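Me: Got a minute to go through this fold with me? I'll throw questions at you as they come up.

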Amino acid sequence: MGEIVRVVVDAMGGDNAPGEIVKGAVQAVTNHENIRVILTGKEDMIKAELSKYSYPQERIEIVHTETVIETAEPPVAAIRTKKDSSIVVGLTMVRHGEADAFVSAGSSGAVLVGGQAIVGRIKGIERPALAPLIPTKDGVSLLIDCGANVDARSSHLIQFARMGSIYMEDVLGIKNPRVGIVNIGAEEEKGNALVKETFPLLKQCSDLNFIGSVEARDIPEGVCDVIVCEAFVGNVILKLYEGVAGTLIGKIKGSMMQSLKTKIGALLVKPALKSTLKSFDATEYGGAPLLGLKGLVVKTHGSSKAKEVEHSIYQCVQFTEQRINEKIKEHITL
């Protein structure tokens with residue numbers, strides 16, 4: 001068994017809290033021996049959920065908090081005024097070295113603001129970036145940034161590319177990962193002002209395997225391993241990706257139940273289809289790490305169920321064991 005990784009989980013964040021969050025934490029400690037989970041939130045509610053399961057009790061701890069930051073609250077004001085919230089307390093534990101990572105399905109704005117204000121940025125990192133893994137034909141790609149920096153500069157995108165490359169090589173084991181910048185065409189002269197300014201700078205980065213522009217239609221094909229963009233573009237790609245995948249899966253399942261003939265066909269292709277659909281299930285890949293902070297912060301979907309929470313906790317183990325933050329410090333020019 002490896003070194004114990006301590007993960008704080010915001011038990012009150014998300015549409016399905018605390019039930020699915022607690023369930024995901026229980027599954028993580030039950031299936032993975034070197035994880036210790038610290039649940040932040042209302043103790044009575046968390047205990048009520050934990051009482052439903054059998055699990056190694058010494059590896060789940062509860063830290064009681066009085067308040068919850070709601071999704072609709074202004075993030076900056078909430079972080080400043082709700083010091084005893086499940087998000088602020090969890091982030092503070094990471095800052096003080098009382099935990100190795102923090103996972104939340106709660107307010108994205110509060111997690112982003114709190115991550116920077118409480119945990120803090122690595123020296124030399126201009127902006128942290130949200131970087132989810134998205135499924136492709138042959139595996140996964142890292143989309144960076146998808147929500148943290150709507151108004152990014154070229155220097156930010158260069159750092160995103162470097163952090164993304166480190167993550168893909170050390171966590172996913174992809175040697176010399178291919179880096180592409182999202183554009184509206186393959187030609188270098190195309191794109192908006194930000195893309196035109198960033199493209200030649202990426203070409204000059206000898207430490208990156210830059211392959212040029214990537215059009216949105218080519219992303220599902222897996223043409224590159226690190227997809228670089230500012231957050232507005234990244235968030236649109238991510239949400240459209242999730243929406244189309246969900247719609248297609250629903251249509252496929254519906255069409256297979258239309259008649260006796262299609263039901264028989266469904267039984268014959270079920271094993272192969274199940275494997276294929278699973279590879280395009282975003283919950284299999286956990287949440288989005290906020291790369292560039294002094295400690296690990298992972299934001300999961302607000303609608304996360306237990307499986308996604310569990311896999312987000314596993315992400316924290318890989319991130320910690322591979323010393324991603326230390327490698328980012330080593331490779332980012334100060």
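Me: Let's start with Gln159. Buried or exposed?
Reply: Gln159 counts as buried, because its relative accessibility is 8% and the cut-off for buried is under 20%. Keep in mind that this is a predicted model.

Me: Where does Gln159 sit?
Reply: You'll find Gln159 in helix 6.

Me: And what is Gln159 in contact with, leaving aside neighbours within four places in sequence?
Reply: Gly124, Ile125, Glu126, Arg127 and Ile332.

Me: OK, back to the helix. Which strands does helix 6 lie across?
Reply: Helix 6 lies across strand 6, strand 7, strand 8 and strand 10. Against strand 7, helix 6 runs at about 150 degrees.

Me: What's the order of strands in the five-stranded sheet?
Reply: The order is 6-7-10-8-9, in an open sheet with mixed pairing. Strand 6 (133–136) and strand 9 (209–214) are the edge strands, each pairing on one side only. On average, neighbouring strands in this sheet are turned by 30 degrees against each other, if you ignore direction.

Me: Take me through the pairs. How do strand 6 and strand 7 pair?
Reply: Antiparallel, over four bridges. One partnership there is Ile134 with Ser141 in strand 7.

Me: What joins strand 6 to strand 7 along the chain?
Reply: A hairpin, through two residues.

Me: Next pair: how many bridges join strand 7 to strand 10?
Reply: Three, and strand 7 and strand 10 run parallel. Leu142 stands opposite Val226 of strand 10.

Me: Which residue in strand 10 is the bridge partner of Val179?
Reply: Val226. So you can look for Val226 opposite Leu142 and also as the bridge partner of Val179.

Me: And how do strand 8 and strand 10 run?
Reply: Parallel again: three bridges join strand 8 (residues 178–182) to strand 10 (residues 226–228).

Me: How many residues of strand 7 are buried?
Reply: Five of its six, which leaves strand 7 mostly covered.

Me: What comes right after strand 7? I'd like to check the backbone there.
Reply: The loop between strand 7 and helix 6 holds Asp145. A cis peptide bond joins Ile144 and Asp145, with omega about 15 degrees. Val150 lies in that loop too, between strand 7 (139–144) and helix 6 (154–170).

Me: How accessible is Val150?
Reply: Val150 counts as partly exposed, because its relative accessibility is 45%.

Me: Which residues form a nonpolar surface patch with Val150?
Reply: Phe232 and Val236. Together with Val150 they have about 290 Å² of accessible area.

Me: Switching topic to other backbone oddities. Where's the cis bond that involves Pro18?
Reply: That peptide bond goes from Ala17 to Pro18, and omega is near -5 degrees. Pro18 is in the loop between strand 1 (5–10) and helix 1 (19–31).

Me: What about positive phi outside glycine?
Reply: Asn176 is one of them, with phi near 50 degrees, and its place is the loop between helix 6 and strand 8. Arg323 is also not a glycine and has a positive phi of about 55 degrees.

Me: Where is Arg323?
Reply: In the loop between helix 10 (306–321) and helix 11 (324–331). Arg323 is partly exposed, because its relative accessible area is 38%.

Me: Now the seven-stranded sheet. What's its strand order?
Reply: 3-2-1-4-12-11-5, and this open sheet has mixed pairing as well. At the edges are strand 3 (60–64) and strand 5 (129–130), each pairing on one side only.

Me: How do strand 4 and strand 12 pair in there?
Reply: Strand 4 (residues 101–104) and strand 12 (residues 296–299) pair in the parallel sense, over four bridges. Phe102 stands opposite Val297 in strand 12.

Me: Last one: which strands does helix 1 lie across?
Reply: Strand 1, strand 2 (35–41) and strand 3. Relative to strand 2, helix 1 runs at about 165 degrees.

Conventions
Residues numbered from 1 in each chain as written. Predicted model: local features only at pLDDT ≥ 70, side-chain atom pairs only at ≥ 80, totals over all residues. Heavy atoms only, no water. Patch = residues over 30% accessible without salt bridge, like charges linked within 9 Å, V, L, I, M, F, W, Y side chains within 5 Å. Areas by Shrake-Rupley, 256 points an atom, 1.4 Å probe, with all protein chains shown as cover. Salt bridge = Lys/Arg side-chain N within 4 Å of Asp/Glu carboxyl O. Buried < 20%, exposed > 50% of the residue type's maximum accessible area, 1.4 Å probe, protein only. Pairing = 2+ DSSP bridges. Axes fitted to C-alpha atoms, helices over the stretch in contact; angles between N-to-C directions. Contact = heavy atoms within 4.5 Å.
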